[in-house]
Amino acid sequence: DDVIPLSEPVRAASGEMTDRISVAKGTLISISARAINRSFGIWGPDTTQFKPDRWLTEEGISGKAKEVLGHRHFLTFFDGPRTCLGKDFAIAEFRV
């Protein structure tokens, strides 16, 4: 069993506010890359606009987006040994 601290309080299904989530051993946790990549709280009011400059340079990233792990703080390609094989090709396409 473990407790995951949250950066901001959230309202639980019970209606109570909490700043942590208790997780039982063996619980599968999934993260929605789509939700993170479209979050107004992370990317700002222009989150739905296609702006590849956000991910081409570190200066394009601001605010809470810097807290997102992964290539240029963008979860689409994930990171580490299981990173997307097409990541470098997609980034090259951004630059064209």
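These legends go with close-up views of a predicted model.

The numbering starts from 1 along each chain as its sequence is written. Since we're dealing with a prediction, local features need pLDDT of at least 70, side-chain atom pairs count only at pLDDT 80 or more, and totals for chains, interfaces and linings use all residues, while side-chain values use heavy atoms, with hydrogens and water left out.

**View 1. The whole chain, with four helices and two strands.** Reading from the N terminus, the elements go β-β-α-α-α-α. Helices (H or I, at least four residues) and strands (E, at least two) are DSSP runs, numbered from the N terminus. The average pLDDT (the predictor's confidence in each residue, from 0 to 100) is 81, and 85% of the residues score at least 70. By element, S2 has the highest mean pLDDT at 94, and helix H3 (residues 53–56) the lowest at 71. Of the 96 residues, 22% are buried; buried means under 20% relative accessible area, exposed over 50%, and partly exposed in between (1.4 Å probe, protein chains only). The chain exposes about 7500 Å², with carbon and sulfur atoms supplying 57% of that; these areas come from the Shrake-Rupley method with a 1.4 Å probe, and for residues only the protein chains shown count as cover.

**View 2. The hairpin made by S1 and S2.** Strand S1 (residues 2–11) and strand S2 (residues 17–23) run antiparallel to each other, joined over six bridges. For the record, two strands pair if DSSP finds at least two bridges between them. Five residues sit between the strands, and glycine 15 in the turn has a positive phi of about 100°. None of the ten residues of S1 is buried, so this strand lies largely in the open. Arginine 11 belongs to S1 and is exposed, with a relative accessible area of 59%. Setting aside neighbours within four places in sequence, arginine 11 touches Glu16 and Met17, where contact means heavy atoms within 4.5 Å.

**View 3. Isoleucine 21 and a nonpolar patch.** Isoleucine 21 is part of strand S2 and is the bridge partner of isoleucine 4. With 40% relative accessibility, isoleucine 21 is classed as partly exposed. Ile4, Ile21, Ile29 and Ile31 make a nonpolar surface patch of about 370 Å². Patches take residues with over 30% relative accessible area and no salt bridge, joining like charges within 9 Å and nonpolar side chains (Val, Leu, Ile, Met, Phe, Trp, Tyr) within 5 Å.

**View 4. A salt bridge between aspartate 19 and arginine 20.** The closest N and O atoms of this pair are 3.2 Å apart; the cut-off is a side-chain nitrogen of Lys or Arg within 4 Å of a carboxyl oxygen of Asp or Glu. Both partners are partly exposed: aspartate 19 at 37% relative accessibility and arginine 20 at 47%. Across the hairpin, arginine 20 in S2 stands opposite proline 5.

**View 5. Aspartate 46, lysine 51 and threonine 47.** The structure holds two salt bridges, and one of them links the side chains of aspartate 46 and lysine 51 at 2.6 Å, N to O. Lysine 51 is partly exposed at 32% relative accessibility, whereas threonine 47 is buried at 8%. Threonine 47 sits in the loop between helix H2 (40–43) and H3. Beyond neighbours within four places in sequence, threonine 47 contacts Asn37, Arg38, Ser39, Phe40 and Arg54.
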